[in-house]
Amino acid sequence: MSAAAAWPRLIAITDASLLPIETMLDRLTKLAAAARPGSVALLLREHALGARERLRLGHALRTVARAHGQALWVADRLDLALLLEADAVHLGEGSVTATDARKLLGPHRRISRAWHAVPLDGGDAATELQAVDALLVSPVLAPRKGRPALGLEPLGMLGEQLRARNLACQMYALGGISGENAASCLQAGAAGVAAIGAALSPDAELLLGALRISR
């Protein structure tokens, strides 16, 4: 199964504010090489970088992903996703709707969406849930951006609600993920986890082991 066809168990999110870019690339290269092919997505975020710098980093990430049979995802920037031939686009809170993104991206590129609400109600939730392929639910196990942690039980409830609305949509847990708690997110019903610090750690093999995706 190709990286594009497989659903990753781990979404590793870049953050150049934590590490120099070269160090980050080195650690993500080791992560991608240590993980089973098709089990990791490298998610290019980096909103603080200019478009040219982000595109350059995206090319480097694409090289890493393709070399090790992993996927490349891009956050928010649909133009960069198309230029990089990314496998998926992740839409944040301030992004366009998944319906509008689909018009530009076409039917074959996956779309994920940031999600913070329990239950799955309000606004255009019904329409949006039918248009996305995955939700990145946060924060699950640690506060993030001023939001309290949801916890594992609400995560499980959210998964049940999601399956009732869009059986094909995948759910990922983000926020406070580590090698010690990643497996509990899977047990609660998540298809996988998204992580920044744990994925960029020099001992990320602990996380891969917990997710059972080591080569």
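Which residues lie nearest the centre of the largest pocket? Of the 18 residues that line this pocket, His90, Gly92, Ala114, Arg144 and Lys145 lie nearest its centre. A pocket here is an open set of points on a 1 Å grid over the protein atoms alone, where a 1.4 Å probe fits and protein lies on both sides within 12 Å along at least five of seven lines, and lining residues have an atom within 4 Å of a point.

The model is predicted, so that local features need pLDDT of at least 70 and side-chain atom pairs count only at pLDDT 80 or more, while totals for chains, interfaces and linings use all residues. Residues are numbered from 1 along each chain as its sequence is written, and side-chain values use heavy atoms, with hydrogens and water left out.

The largest pocket holds about 270 Å³ of space, a volume being the space filled by probe spheres set on the grid points, which are joined across faces, edges and corners.

The largest nonpolar core (buried Ala, Val, Leu, Ile, Met, Phe, Trp, Tyr and Cys residues joined through side-chain atoms within 4.5 Å) has 73 residues, and Leu10, Ile11, Leu31 and Leu135 have the most contacts inside it. Buried means under 20% relative accessible area, exposed over 50%, and partly exposed in between, with a 1.4 Å probe and protein chains only. Leaving out residues up to four places away in sequence, Leu135 touches residues including Trp115, Leu129, Leu162 and Met171, where contact means heavy atoms within 4.5 Å.

Leu162 is also one of the buried residues of helix 6, together with Leu155, Gly156, Leu158, Gly159 and Gln161. Helices (H or I, at least four residues) and strands (E, at least two) are DSSP runs numbered from the N terminus. The cover over these buried residues includes strand 5, helix 5, strand 6, strand 7 and helix 7.

Three loop residues can be set side by side.

| Residue | Loop | Relative accessible area |
|---|---|---|
| Arg36 | between helix 1 and strand 2 | 37%, partly exposed |
| Glu46 | between strand 2 and helix 2 | 7%, buried |
| Asp76 | between strand 3 and helix 3 | 25%, partly exposed |

Glu46 has a positive phi of about 55° although it is not a glycine, and Asp76, also a residue other than glycine, has a positive phi near 70°. Arg36 is in contact with Gln70, Arg212, Ile213, Ser214 and Arg215, when its neighbours within four places in sequence are set aside.

A cis peptide bond, with omega about -10°, joins Ser138 and Pro139, and Pro139 is placed in the loop between strand 6 and helix 6.
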